[in-house]
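Colleague: I have a model open here and would enjoy a guided close look at one part of it. Could you take me through the aromatic rings and what surrounds them?

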Amino acid sequence: MIILFSVFCFSCSKAPDPSSEQIPQHPKQIAQPVVAERSKEHIMWNEMDFAPHFILEGPYKGMGFGDKVIPILIDAFPEYTHSRFTGNTAQSIERSKNNENICVINFIHTPEREVHFYYSKPYIFVLPNGVIVREEEKTKFEKYINEDGKISLAALIKNQELVFGVSGKTAYGKGVDPIIAENKDKPHVIERFGKDLTEGLLQMLDLKRIDYMLTYPDMRGFLTKKLNIKTPLEYIPVAEMPEDYLLEAHIACTRNYLGEEIIAKVDGLIDKTDLIDRTADYYSYWLNENDKRIFRQLFNKVVKGKQ
C-alpha cells in the first residue's frame, strides 16, 4: 500500500525579500522566516512480468522495452518520488480501485479499464499477433498468403493436415478470435493450458509437434533467445486483422487528481520529445530483420505519417 505524506501551511508568513529589507542594527531583531514545504507525492510504477515488455530475471534482465521507459519517466518527473512493484493487470486494477497512486506502462486501452485509469496518448506501437511458422516449411503456407504478404487464417485453419497450436483462453485480437472459436474443437487444433503457454507452443513448433501458432513477434524473438531455439521461425501478418494495424499502448495512472496531473505531463513529454521514436527502437531490438522491415513500413505509414 502506498502512503502519501502531504504537509500544507495555510497561514505561513511570507519570507522577506533580502534585496528590499533593511538589515537591523542588532542581531536580536532578526526574525527567522517560517518555511513550510509540501512533501513530494509518490508514484508506484508497475512492472508486469511479461517479457520482453519487462524482463525481471535471467541474462536479459532489465533489457525489456518497458524496463527502459520507466527510468526516462522517473528522470523527467523529479517533483515526485518513485518506486516500482511487480504485478499483473488484475492487481493493477485492484490497486487503482483502492485509490493507490500507481501508473502502468504499455497498457492497452479498454472501456472497462478507463473507469479506473487516466490514459496518456499512445506512445508505443507494436506488431499484433501473427502466424509463426518454421522458415524451412514456409512453402506449405504460400497458397494462403496474399499479394500483401498476409496470411488468411480462415483459409489456413481449414487445412487439417497442418496442426495449429493455440493458447487456451488467450485473446489474439480482432478478426482472429472468432476464427479460433469456431475451430478449436477440430482434431488438428491443439489448445495448450497452464503456465508458460507461448513458451511451450514455441518448443512444440521447434520440435515439429505443431506446424504453426500465433504470437507477438517480439515475444517470439525473446523466447527463441531464452530457450536457445536455433530453428529459424518466421512471422506472417494475419489478413483478417485490420489493415495497416499496429497495437497501441499507453501509460495509465489511477483515476484521481494525481493520476490526472501525471498523465497531462506524460502527454507533454510525448509531444515535445522523441519518446515515440525511442520506444520504437527499444521494441525493434526484439525483432528479427524481416519483422523489423514489416514494423518500420507500418510505423512510418501509420505513426510518422500522422505526425
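To set the scene before the close look, what percentage of the 307 residues in the chain do buried residues make up?

Modeller: Happy to help! Please keep in mind that this is a predicted model. Buried residues make up 47% of the 307 residues in the chain. The chain has ten helices and eleven strands. Among contacts with a separation of 6 or more, 76% are between residues 24 or more positions apart.

Now to the rings. The structure holds 13 aromatic pairs. One of them joins Phe 141 and Tyr 212: the ring centres are 5.8 Å apart and the planes stand at 80 degrees, so this pair is edge-to-face. It links distant parts of the chain, since Phe 141 is in the loop between S6 and helix H4 (153-156), while Tyr 212 is in strand S9, 71 residues away. Phe 141 has 0% relative accessibility and therefore counts as buried. Tyr 212, also at 0%, counts as buried too.

A second pair worth a look is Tyr 283 with Phe 295, which is edge-to-face with 4.9 Å from centre to centre and 65 degrees between the planes. Tyr 283 belongs to helix H9 (residues 275-284) and Phe 295 to helix H10, so the pair ties together parts that are twelve residues apart in sequence. Tyr 283 is buried, with a relative accessible area of 0%, and Phe 295 is buried with a relative accessible area of 0% as well. Both rings belong to an aromatic cluster that they form with Phe 65, Phe 125 and Phe 299.

Two rings have a charge over them. The charged end of Lys 68 sits over the ring of Tyr 282, 5.9 Å from its centre. For Arg 113, the charged end sits over the ring of Phe 107, 4.4 Å from the centre of that ring.

Tyr 282 also leads us to Met 63. These two residues are 219 residues apart in sequence, yet 8.7 Å apart in space, C-alpha to C-alpha. Met 63 is in the loop between S1 and helix H1 (65-76), and it is partly exposed, with a relative accessible area of 28%. Leaving aside residues up to four places away in sequence, Met 63 touches Ile 55, Lys 68, Tyr 285 and Trp 286. Lys 68 therefore turns up twice in this part of the picture, once as a residue that Met 63 touches and once with its charged end over the ring of Tyr 282.

Strand S9, where Tyr 212 lies, brings us to helix H6. Eight of the ten residues of H6 (residues 197-206) are buried, so this helix is largely enclosed by the rest of the structure. The buried ones are Leu 197, Thr 198, Glu 199, Gly 200, Leu 201, Leu 202, Met 204 and Leu 205. Their cover includes strand S6 (130-134), strand S7 (164-167), strand S8 (189-192), strand S9 (212-215), helix H7 (217-226) and S10. After H6 comes Lys 208, whose phi is positive, near 65 degrees.

Helix H10, which carries Phe 295, also takes part in a pocket. The second largest pocket has a volume of about 510 Å³. Its lining is made up of 27 residues, and Asp 148, Gly 149, Lys 150, Pro 237 and Ile 294 lie nearest its centre. Strand S10 (233-236) and helix H10 (289-303) each supply at least two residues of this lining, with H10 giving the most, six residues. By class, the lining of this pocket has 13 nonpolar, five polar and nine charged residues.

Finally, there is an enclosed space. A search of the whole structure finds one cavity of 30 Å³ or more, and the largest cavity holds about 40 Å³ of space. Its lining includes His 42, Ile 43, Asn 101, Cys 103, Cys 253 and Ile 262. Strand S1 (42-47), strand S3 (102-107), strand S11 (247-254) and helix H8 (257-272) are the elements that give two or more residues to that lining. H8 gives the most, with three residues. By class, the lining of the largest cavity has six nonpolar, five polar and no charged residues.

Key:
Residues are numbered from 1 along each chain as its sequence is written. This is a predicted model: local features need pLDDT of at least 70, side-chain atom pairs count only at pLDDT 80 or more; totals for chains, interfaces and linings use all residues. Side-chain values use heavy atoms; hydrogens and water are left out. On a 1 Å grid over the protein atoms alone, a cavity is a set of points where a 1.4 Å probe fits but cannot get out, and a pocket is an open set with protein on both sides within 12 Å along at least five of seven lines; lining residues have an atom within 4 Å of a point. Grid points are joined across faces, edges and corners, and a volume is the space filled by probe spheres set on the points. Helices (H or I, at least four residues) and strands (E, at least two) are DSSP runs, numbered from the N terminus. Ala, Val, Leu, Ile, Met, Phe, Trp, Tyr, Cys and Pro count as nonpolar, Asp, Glu, Lys and Arg as charged, and the others, Gly among them, as polar. Buried means under 20% relative accessible area, exposed over 50%, partly exposed in between (1.4 Å probe, protein chains only). Contact means heavy atoms within 4.5 Å. Rings of Phe, Tyr and Trp (its six-membered ring) pair if their centres lie within 6.5 Å; planes under 30 degrees apart count as stacked, over 60 as edge-to-face and the rest as tilted. A charge sits over a ring if NZ of Lys or CZ of Arg is within 6 Å of the ring centre and within 35 degrees of the ring normal.
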